[in-house]
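Open your viewer, load the model and get ready to click along. We will go from the whole chain down to single residues, one selection at a time.

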Amino acid sequence: MANPYSVAEQMLPQSSSMRGLDGMNRTSAPMGANAFDGGGASKPSVNTQPYNNERLAEQNMMVRQSDALSQAQSAGVQGFRKEQLVGANDEYKAASFANERKAEVMEVLGSPATQYMSQMSDIEGEAVRNSIATGKAMSVGMNPDLVQNQMGM
């Protein structure tokens, strides 16, 4: 079989190496004519359109799968956040309803102290109960820390 490479293609790399110019050799393309590269893109006698269409269709399918995956993940995260928000809204509505009923009961009872306490936040109410318990403990000669420990504070 005859050598497909020209003499110049064979001699130029050897000559460059002997002169210390290895960096001048071709590194990105194989030796020989483009017709020897094995691909259809460099051959004018070959119709590469079916191959190109198939390759692009595969790329398109991969991109669409990736997009569908990210959209599904985003939808899942948004659904979870929506469920959290709905739950938080339900809890808020229940607490608000309980506070309204508590205020109505306190108003019916008519005591200014109970009306004032019904308007307190949970933290303020806890502080008032703690203060009352501490005062009672001190009035009977007990250590207030023992009372707080029993109350779970």
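Begin with the charges: colour the 12 positive and 16 negative charges of the protein chain, and note that their mean positions are 6 Å apart. Keep in mind during the tour that this is a predicted model.

**Stop 1: the whole chain**

Switch to a cartoon view. How many helices and strands are there in the protein chain? You should find 5 helices and 0 strands, and reading from the N terminus the order is α-α-α-α-α. The radius of gyration of the protein chain is 42 Å, well over the 15 Å that the globule rule gives for 153 residues, so the chain is more spread out than a compact globule. Turn the model about and look at its extent: the C-alpha trace spans about 115 × 45 × 20 Å along its principal axes.

Now show the surface. The protein chain exposes about 12,700 Å², and carbon and sulfur atoms supply 58% of that area. Of the 153 residues, 8% count as buried. If you display contacts between residues at least 6 apart in sequence, 12% of them join residues at least 24 apart.

**Stop 2: helix H1**

Select residues 7-18, which form helix H1. With 12 residues at 1.5 Å a residue, H1 should span 16 Å; its end C-alpha atoms are 17 Å apart, so the two values agree. Just beyond, click on Gly 20, which follows H1 and has a positive phi, near 80 degrees.

Go back into H1 and pick Ser 16. Is Ser 16 buried or exposed? Its relative accessible area is 10%, under the 20% cut-off, so Ser 16 is buried. Show what surrounds it: leaving out residues up to four places away in sequence, Ser 16 touches Leu 21, Asp 22 and Asn 25.

**Stop 3: the loop between H1 and H2**

Next, select Asn 47, in the loop between H1 and H2. This residue has 61% relative accessibility, over the 50% cut-off, so Asn 47 counts as exposed. Try your distance tool here: from Asn 47 to Val 77 it is 47 Å, C-alpha to C-alpha, and the two are 30 residues apart in sequence.

**Stop 4: helix H2**

Follow the chain into helix H2, residues 49-109. Its 61 residues should span 90 Å at 1.5 Å a residue, and because the end C-alpha atoms are 89 Å apart, the model agrees with that expectation. Within H2, select Asn 99. At 42% relative accessibility, Asn 99 lies between the 20% and 50% cut-offs, so it counts as partly exposed. Draw a line from Asn 99 to Met 61: these residues are 38 apart in sequence and 57 Å apart in space, C-alpha to C-alpha. After H2 comes Gly 110, with a positive phi near 80 degrees.

**Stop 5: helix H4**

Move on to residues 122-139, which make up helix H4. H4 has 18 residues and reaches 26 Å from its first C-alpha to its last, close to the 26 Å expected at 1.5 Å a residue. Which residues in H4 are buried? Highlight Gly 125, Ala 133, Thr 134 and Ala 137.

Zoom in on Thr 134. Its relative accessibility is 18%, under the 20% cut-off, so Thr 134 counts as buried. Show its contacts, leaving aside neighbours within four places in sequence, and you will see Pro 144 and Gln 148.

For the last click, select Gly 141, which follows H4. Its phi is positive too, near 85 degrees.

Terms used:
Residues numbered from 1 in each chain as written. Predicted model: local features only at pLDDT ≥ 70, side-chain atom pairs only at ≥ 80, totals over all residues. Heavy atoms only, no water. Helix = DSSP H or I, 4+ residues; strand = E, 2+ residues; numbered from the N terminus. Buried < 20%, exposed > 50% of the residue type's maximum accessible area, 1.4 Å probe, protein only. Contact = heavy atoms within 4.5 Å. Rg over C-alpha atoms; globule rule 2.2 N^0.38 Å. Areas by Shrake-Rupley, 256 points an atom, 1.4 Å probe, with all protein chains shown as cover. Lys, Arg positive; Asp, Glu negative; His and termini not counted. Charge placed at Lys NZ, Arg CZ, Asp CG, Glu CD. Expected span 1.5 Å × (residues − 1).
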